[in-house]
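Reader: I have a model open and some bench questions about it. Can we go through them one at a time?

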Amino acid sequence: MFKIDVPDVIGSANVICYAVVNLCLPTYNTQHYANGELLGVAYGLVICKYENDDGCYLFYCDDQWVEFADTWHETTDDAKDQAEYEYAGITNNWSFK
């Protein structure tokens with residue numbers, strides 16, 4: 001297996017774990033918008049935590065690990081459940097930082 005170069009910090013939040021979407025199927029159960037435009041499928045997903053936040057964020061990233069959308073969750077398990085809801089099969093792709 002090859003190593004994926006994911007930053008330790010994205011958007012000033014500490015990376016907990018990440019998954020590449022590659023072989024997962026987008027379910028289109030959720031749609032993300034920016035400036036009124038529908039955003040495309042993520043290259044990778046990252047679960048991050050800000051220092052003073054009780055919850056965590058699920059970041060949707062491009063192939064340079066730049067965040068283009070996010071959702072807030074109480075726990076990492078909740079974030080992983082959301083990821084699976086949006087990308088069927090992603091559960092098996094998580095790696096810890």
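Reader: How many residues lie between β7 and β8 in their hairpin, and which residue in the turn has a positive phi?

Author: Keep in mind that this is a predicted model. β7 and β8 run antiparallel, joined by 6 bridges. Their hairpin has 5 residues between the strands. The turn residue with a positive phi, about 65°, is W65.

Reader: Which residue of β8 is the bridge partner of C61?

Author: β8 covers residues 67-73. β7 covers residues 56-61. C61 of β7 has its bridge partner in β8, and that partner is E67.

Reader: What joins β6 to β7, and which residue of β7 stands opposite V46?

Author: β6, residues 44-49, runs antiparallel to β7, with 5 bridges between them. A hairpin of 6 residues makes the connection. Opposite V46 in β7 stands F59.

Reader: How many residues of β7 are buried?

Author: Side chains in a regular strand alternate between the two faces of the sheet. In β7, C56, L58 and Y60 point one way, while Y57, F59 and C61 point the other way. Both sets are buried. β7 is therefore largely enclosed by the rest of the structure, and its buried count is 6 of 6.

Reader: Which side chain makes a polar contact with the side chain of H73, and at what distance?

Author: H73 lies in strand β8, and so does T71. H73 is buried at 9% relative accessible area. T71 is buried as well, at 17%. The polar contact of H73 is with the side chain of T71, at 2.7 Å.

Reader: Is T71 buried or exposed?

Author: Leaving out residues up to four places away in sequence, T71 touches H32, C56, Y57, L58, Y60 and Q82. Its relative accessible area is 17%. The cut-off for burial is under 20%. So T71 counts as buried.

Reader: What does H73 touch beyond four places in sequence?

Author: H73 is in β8. Its contacts include C56 and L58, two residues that point one way from β7. The full set is G55, C56, L58, D78, A79 and Q82.

Reader: How do the rings of Y18 and W65 meet, and how far apart in sequence are the parts they tie together?

Author: There are 5 aromatic pairs in the count. In one of them, Y18 and W65 sit 6.2 Å centre to centre with 75° between the planes, which is edge-to-face. Y18 lies in β2, residues 13-20, and W65 lies in the loop between β7 and β8, so the pair ties together parts separated in sequence by 47 residues.

Reader: Why is the ring pair of Y57 and F59 classed as it is?

Author: Y57 and F59 are both buried. Their ring centres are 6.1 Å apart, with the planes at 45°. Planes under 30 degrees apart would be stacked, and over 60 edge-to-face. The angle falls in neither class, so the pair is tilted.

Reader: Which residues do ring pairs link into a cluster?

Author: Y18 and W65 are both buried. Ring pairs bring in one further name, Y43. The cluster is Y18, Y43 and W65.

Reader: How many disulfides are found, and how far is the sulfur of C48 from the closest cysteine sulfur?

Author: The whole structure has 0 disulfides. C48 is buried, at 0% relative accessible area. C56 is in no disulfide, with the nearest cysteine sulfur, in C17, 8.1 Å away. For C48 the closest sulfur is in C61, too far for a bond because the distance is 7.0 Å.

Reader: Which element gives the most residues to the largest nonpolar core?

Author: This core has 16 residues, and L45, L58, Y87, I90 and W94 touch the most other members. Elements giving two or more residues are β2, β6, β7 and α1. The biggest contribution, 3 residues, comes from β7.

Reader: Is G11 exposed, partly exposed or buried?

Author: G11 is in the loop between β1 and β2. Its relative accessibility is 45%. Buried means under 20% and exposed means over 50%. G11 therefore counts as partly exposed.

How values were computed
Residues numbered from 1 in each chain as written. Predicted model: local features only at pLDDT ≥ 70, side-chain atom pairs only at ≥ 80, totals over all residues. Heavy atoms only, no water. Helix = DSSP H or I, 4+ residues; strand = E, 2+ residues; numbered from the N terminus. Buried < 20%, exposed > 50% of the residue type's maximum accessible area, 1.4 Å probe, protein only. Polar contact = N/O pair within 3.5 Å; in protein donor to acceptor, adjacent residues only side chain to side chain. Contact = heavy atoms within 4.5 Å. Pairing = 2+ DSSP bridges. Phe/Tyr/Trp six-rings, centres within 6.5 Å; stacked < 30°, edge-to-face > 60°. Disulfide = S-S within 2.5 Å. Core = buried A, V, L, I, M, F, W, Y, C linked by side-chain atoms within 4.5 Å.
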